[in-house]
Amino acid sequence: MKVHPLYDRVLLKRLEEQEVKRGGIIIPDSAKEKPLEAEIIEAGKGRVNDEGKTIGLAVKKGDHVLIGKYSGTEVTIDGVELVIVREEEILAVIEK
Amino acid sequence: MKVHPLYDRVLLKRLEEQEVKRGGIIIPDSAKEKPLEAEIIEAGKGRVNDEGKTIGLAVKKGDHVLIGKYSGTEVTIDGVELVIVREEEILAVIEK
Amino acid sequence: MKVHPLYDRVLLKRLEEQEVKRGGIIIPDSAKEKPLEAEIIEAGKGRVNDEGKTIGLAVKKGDHVLIGKYSGTEVTIDGVELVIVREEEILAVIEK
Amino acid sequence: MKVHPLYDRVLLKRLEEQEVKRGGIIIPDSAKEKPLEAEIIEAGKGRVNDEGKTIGLAVKKGDHVLIGKYSGTEVTIDGVELVIVREEEILAVIEK
Amino acid sequence: MKVHPLYDRVLLKRLEEQEVKRGGIIIPDSAKEKPLEAEIIEAGKGRVNDEGKTIGLAVKKGDHVLIGKYSGTEVTIDGVELVIVREEEILAVIEK
Amino acid sequence: MKVHPLYDRVLLKRLEEQEVKRGGIIIPDSAKEKPLEAEIIEAGKGRVNDEGKTIGLAVKKGDHVLIGKYSGTEVTIDGVELVIVREEEILAVIEK
Amino acid sequence: MKVHPLYDRVLLKRLEEQEVKRGGIIIPDSAKEKPLEAEIIEAGKGRVNDEGKTIGLAVKKGDHVLIGKYSGTEVTIDGVELVIVREEEILAVIEK
């Protein structure tokens, strides 16, 4: 099943803490509210402005990003826990 | 009786949990606040911008979508429980 | 006495529950907060945009519409209970 | 003393309940929060948009209108109790 | 010392109740929240729109106006109690 | 060390009450919430509008202004207590 | 690992109090809520306006800036404590 987020929404898979550690971000137990790394599974086409023109997103499928721990709406697709956020809620793109 | 949602509103039929399961989304009892799958019965023509031009919707009749469990306004049409949401409240379109 | 709603306001007559039932919408006692059917008695000319141009409404006199049970402001005109809402508060137009 | 309301403001005289009754609107004691009839004593020239152009009002001096019972700011001019509202707060124009 | 209010701000001198009474507005003790008469000592040049153009004010130095009793910020200039308000907070201009 | 406020922000030095008194504004002990006089140490270049154009400020370095007692953010630069405000928070320019 | 802040976001490293003191800003223990000095590690490309045009930032990598003590979101990258803020939250650029 494919999920196409609408407009400026993005479907993300949060990365396991272990993967995160290997990725370079250390998340101590006492700081679980810190942003987490996630991978973009599918991105919307962008918001539509008041003239009906689509303004594309700055992120794309496959990007690794930082999002707040409590950002977005959780959803389970084909048994996998994912999260849908607005691009606005993405803090940064990570490059390794 | 036909119901024509106004502007950016969309008339939806929530899909039964059983159908949802067959559709691939597993909703455990303990997570009932997660988004639910729904089918678009009728879509509005789109919002009207400040110059009077209609900006069409990205979804259409027949689309399967994800909406928040508590999104929209419930309405009973010809004995069937439906829900009216703004397109803004639709998280994603689902393709199987 | 004629009442001309201003701008995007609409004057409505709520339909009796009995009429509503005949119209196809069943409203059980336990769900009185659900939207109700209403008939447009008089519609405003539309909102005026920032350049002074009037953007007409999508609804017109005689339309049957769905509005929230607690939408709008109640007013008694010539002994009849009516309600004035903004077009924004109308969920859908009903066609039978 | 003349009072010129600024921009989209309107100076109104609320009509006595007795006059209101003769005008067709019946206001029972138990429904005092319902809109009341009022007469426009003086109207502003309209709001000024972001380019400095004045967008005129839809109401004018002498119009009878419906306003919310608690709308606007009360003011006493030459011993007469009046009320200043924004045109936005006027629900409808009444024609007899 | 001269005080030049910025943009859409206006420097006002509230008129004494005695003057006010002579001016035609009667303010009973029990209604001290009613708008008060004030004289414009100095007016700003107007707000600057998003293109950098100044949109002039509708009021000018010397105008008598009505403002809410608690509007604006009090300031003491050369020993005189004055008040600075935004033009938005002025209800009306008074002409005698 | 030089501090360049960003966009529409302004760096100010509050004037001592003694200086203020000589400047003509009397601030009794019981009215410490009244606006205070301050001198502009450095001004930003102005806000940038939605097309990327800078809209300059109305105030400049050296201007004496009135600001609310609790406006802005306090900052200590080279041992001197200063305050950073948005130009929006400046009530008026003072000329002696 | 490189972190690219999105749009108008900026990645900052707060400077130690000791460094700050040498930099000229004295932060007494009793005033820890005062703005702190920080260095820009990486800046976003700027916000995208409603026509899809990018409006660049006024700050760049390497700039020393003042931000509120509690501004932004903390993040740990490769073991270093950093903070991501919107450019809007930066009070001033510091030049030594």
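Trainee: In this predicted model, which strand of chain B is joined to strand E1 (residues 2–5) of chain A, and in which sense do the two run?
Mentor: Four bridges join E1 of chain A to a strand of chain B, and the two run antiparallel. One of the pairs links Val3(A) with Ile94(B). The partner strand is E9(B).

Trainee: How many residues of each chain are in contact where chain B meets chain A?
Mentor: Contact here means heavy atoms within 4.5 Å. By that rule chain B and chain A contribute 26 residues and 23 residues, in that order.

Trainee: What area do chain B and chain A bury between them, and which three residues of chain B supply the most of its part?
Mentor: The two chains bury about 2,000 Å², with 52% of it on carbon and sulfur atoms. Of the area that chain B buries against chain A, 27% comes from three residues, more than from any other three. They are Lys34(B), Leu91(B) and Glu95(B).

Trainee: How many salt bridges are there between chain B and chain A, and how far apart are the closest N and O atoms of Glu88(B) and Arg86(A)?
Mentor: The count between these chains is two salt bridges. Glu88(B) forms a salt bridge with Arg86(A), and the cut-off is 4 Å between a side-chain nitrogen and a carboxyl oxygen. For this pair the closest N and O atoms are apart by 2.4 Å.

Trainee: Which element gives the largest share of the side of chain B that touches chain A?
Mentor: Between chain B and chain A, 14 residue pairs are in polar contact, both residues being at pLDDT 80 or more. The largest share of the chain B side is six residues, and they come from strand E9 (residues 90–95) of chain B. By class, the residues of that side are 13 nonpolar, four polar and nine charged. The element asked for is strand E9 of chain B.

Trainee: How many residue pairs are in polar contact across the interface of chain C and chain B?
Mentor: The contact takes 26 residues from chain C and 23 residues from chain B. The area buried between them is about 2,000 Å², and Lys34(C), Leu91(C) and Glu95(C) supply 27% of what chain C buries against chain B. Counting pairs with both residues at pLDDT 80 or more, the number in polar contact is 14.

Trainee: Which residue of chain C forms a salt bridge with Asp50(B)?
Mentor: Two salt bridges are found across the interface of chain C and chain B. In the one that involves Asp50(B), the closest N and O atoms are 2.9 Å apart. The partner is Arg47(C).

Trainee: What is the bridge partner of Pro5(B) in E9(C)?
Mentor: Strand E1 (residues 2–5) of chain B pairs with E9(C) in the antiparallel sense, over four bridges. E9 of chain C also gives the largest share of the side of chain C that touches chain B, six residues. In E9(C), the partner of Pro5(B) is Ala92(C).

Trainee: Why do two strands of the seven-strand open sheet each have one side without a neighbour, and which strands are they?
Mentor: The order is E1(C)-E9(D)-E6(D)-E3(D)-E2(D)-E8(D)-E7(D), with antiparallel pairing. The two strands stand at the edges, each with a single partner strand, so one side of each is left without a neighbour in the sheet. They are strand E1 (2–5) of chain C and strand E7 (73–77) of chain D.

Notes. Residues are numbered from 1 along each chain as its sequence is written. Chains are lettered from A and ligands numbered from 1 in the order in which they are written. This is a predicted model: local features need pLDDT of at least 70, side-chain atom pairs count only at pLDDT 80 or more; totals for chains, interfaces and linings use all residues. Side-chain values use heavy atoms; hydrogens and water are left out. Buried area is the accessible area (1.4 Å probe) that two parts lose on being put together, summed over both. A polar contact is a pair of N or O atoms within 3.5 Å; within protein, one must be able to donate a hydrogen and the other to accept it, and residues adjacent in sequence count only if both atoms are side-chain atoms. Ala, Val, Leu, Ile, Met, Phe, Trp, Tyr, Cys and Pro count as nonpolar, Asp, Glu, Lys and Arg as charged, and the others, Gly among them, as polar. Two strands pair if DSSP finds at least two bridges between them.
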